[in-house]
Amino acid sequence: MKISQKLFLAFVGLTSIVLIATLSLARWSFDQGFLDYINGLEQERLQHLSDDLLTLYADSNGSQIDNAVEKEQQSTLVWQSINQTLLIQTIAQNSPFPRNNRPDDGAHRPPRPANKRPPMGPESRLGPPRQRPTLDAQHSGPPTGLYSADLQFIAGADIDYADDRISLPLVLDSRIVGYLYSKPIRQVESSSATAFSQQQRWTSLWIGLLCLLLASTIAWWLSRFLLIPVKQVMLGVSYLSQGNYDERLTPTRADELGQLMANIDHLAMTLSKNRSAKNRWLADISHELRTPLSILCGEIDAIKAGIRSFDHTQLMSLEQEVLRMKHLVDDLYELSLSDVGGLRYHFQRVNVSESLQSTLNSIAASAQDKGLMIQSQIKADLYLSADVHRLEQLFINLLMNTMAYTDSPGTIDVQLSQQAKTVILTINDTKPSASVEECEHLFEPLYRQDSARTRRGSGAGLGLTICKNIVEAHDGTIKAKPSLLGGLCIEVRLPTHRE
């Protein structure tokens, strides 16, 4: 499966989950809010009903009642004295729903008598309790019960005691004369409410499908848009795999993909430089080997033709060219081993001061023959963790390179010191010098300068490269710069203790 398809499915799947959760929560919130709205209407209905009942109570309270009866019993007797049929009709005809949704649709509400009450003889006022009529199920609104101040059931529906029942005290002249109780609505069974709920459910479903379609369209576009830089990266990698290192991605993004594209461009540039360096190196090696071979072939042909006699002088000339080839091959072998990490190092505690002084003593005669004066300033008893043989090879290569590139008469200044936990070797020589740009390339294999420090003698231009590999194997650094003496300055820094 392609990444674009995976991104598309991921976007659509995530959107679907969020959409389903949102619609479900919205539906649940709607149902709860709708029930709260209905129960709020019920509370308002009880308030209106209380006004009607208090009016009936006030109209009936003017009769002669024994004053010795307690107030709670008095309220009970007053409620019992009211026409029960009138109470039932008053309770039933107060509904929170529109009239066209009530079961008794079309029934006329009888007018409430003003300032009139039914006859209240002794039998009706103080007679024995009679059976309380209840609401007809076919003509009632929500279950509602009327209770006296002492919580005796008067009329309506007898509401069981519950913590969540809706209650409203009937207060007349700052005195509670009764209570209205109603059951909270848990499920709306009205046909209009059910139709409204169905309509909202289908509306939510269509809205969800429309949002899902919109999200799918956006996900398809995003999956293609986000993969544009990925396709560019793939194109750049394909260029590299085909060996085309000159193509560039030229990133314009500031995110991780832009950084990846910049790294691919840098990799292409590095590979291009390495390929050019490899081709140049092969050409230089071929040139270095071809020169002594040409001389050898020429001298051998001259001897065979009798132009030159085969004597000791001629033999020494042939030996010199052979040794030159052997030196080049040995340097190439050493360089290849150091590049692949094949050189063996045996690190131990070495007195670098004695090792450098011994090397200077061994080349003193050669320097004097070339008209060069060596002056040194070596701090005694400097130790570091190093391979003694590779360290001597480093000193010999550096000093021989300095002698080869210093004009006679000249001076070579060697200094060895220590700063903190670093041993510093500095070699300065007199003219000729090199520019700062050339100093940056001196440690490249077979590098040829165009200035006066052109390679002379039998060197092949690999000594400084081998020196750099030896220094880096000792966790040190080496660099070259123009010298204050007029020539070149090479500085080597080696840590006294390796990690």
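## Cysteines

In this predicted model, Cys-439 counts as buried, its relative accessibility being 4%. Cys-439 takes part in no disulfide, and the nearest cysteine sulfur, which belongs to Cys-489, is 9.2 Å away. Because a disulfide requires two cysteine sulfur atoms within 2.5 Å, that separation of 9.2 Å leaves Cys-439 without such a partner. The structure as a whole holds 0 disulfides. Another cysteine, Cys-211, is partly exposed, with a relative accessibility of 35%.

## Helix 11 and its surroundings

Helix 11 covers residues 436-439, and Glu-438 lies within this helix. Although its side chain is charged in name, the question for a new reader is where Glu-438 sits: is Glu-438 buried or exposed? With a relative accessible area of 15%, Glu-438 is buried, and its side chain reaches the backbone nitrogen of Ser-435 at a distance of 3.2 Å.

## Helix 10

Helix 10 runs through residues 388-404, a stretch of 17 residues, and from its first C-alpha to its last it reaches 24 Å, which is close to the 24 Å expected at 1.5 Å a residue. At the N-terminal end of helix 10, Asp-387 acts as a cap, with one of its side-chain oxygens lying 3.0 Å from the backbone nitrogen of His-389.

The buried residues of helix 10 include Leu-391, Leu-394, Phe-395, Leu-398 and Leu-399, and polar or charged residues such as Arg-390, Gln-393 and Asn-401 are buried there too. In an α-helix there are 3.6 residues a turn, so residues three or four places apart point the same way.

## The nonpolar cores

The largest nonpolar core has 37 residues, and the members that touch the most others in it are Leu-391, Leu-398 and Leu-425. At least two residues of this core come from each of several elements, including helix 9 (352-369), strand 7 (383-386), strand 8 (410-419), strand 9 (422-429) and helix 12 (463-473). Helix 10 gives the largest share, 6 residues.

Leu-425 shows how these parts meet: leaving aside residues up to four places away in sequence, Leu-425 touches Leu-356, Phe-395, Leu-398, Val-414, Gln-415, Leu-416, Ile-490, Glu-491 and Val-492. Another core, of 21 residues, lies apart from this one, and among its members are Leu-54, Leu-56, Leu-87 and Leu-170.

## Salt bridges

Side chains of opposite charge can pair when their charged atoms come close. The structure holds 3 salt bridges. In one of them, Lys-479 pairs with Glu-491, the closest N and O atoms being 3.8 Å apart. Since Lys-479 lies in strand 10 (residues 477-482) and Glu-491 in strand 11 (residues 488-495), this pair ties together parts that are 12 residues apart in sequence. Glu-491 also meets Arg-493 in a salt bridge, at 3.3 Å from N to O. Through these shared partners, Lys-479, Glu-491 and Arg-493 are joined into one network. Within the network, Glu-491 is buried at a relative accessible area of 13%, while Lys-479 is partly exposed at 46% and Arg-493 is partly exposed at 30%.

Elsewhere in the list of salt bridges, Arg-308 pairs with Glu-299, and here the closest N and O atoms are 4.0 Å apart. Arg-308 is partly exposed, with a relative accessible area of 42%, whereas Glu-299 is buried, with a relative accessible area of 10%.

Terms used
Residues are numbered from 1 along each chain as its sequence is written. This is a predicted model: local features need pLDDT of at least 70, side-chain atom pairs count only at pLDDT 80 or more; totals for chains, interfaces and linings use all residues. Side-chain values use heavy atoms; hydrogens and water are left out. Helices (H or I, at least four residues) and strands (E, at least two) are DSSP runs, numbered from the N terminus. The expected span of a helix is 1.5 Å times one less than its number of residues. Buried means under 20% relative accessible area, exposed over 50%, partly exposed in between (1.4 Å probe, protein chains only). A polar contact is a pair of N or O atoms within 3.5 Å; within protein, one must be able to donate a hydrogen and the other to accept it, and residues adjacent in sequence count only if both atoms are side-chain atoms. A salt bridge is a side-chain nitrogen of Lys or Arg within 4 Å of a carboxyl oxygen of Asp or Glu. A nonpolar core is a set of buried Ala, Val, Leu, Ile, Met, Phe, Trp, Tyr and Cys residues joined through side-chain atoms within 4.5 Å. Contact means heavy atoms within 4.5 Å.
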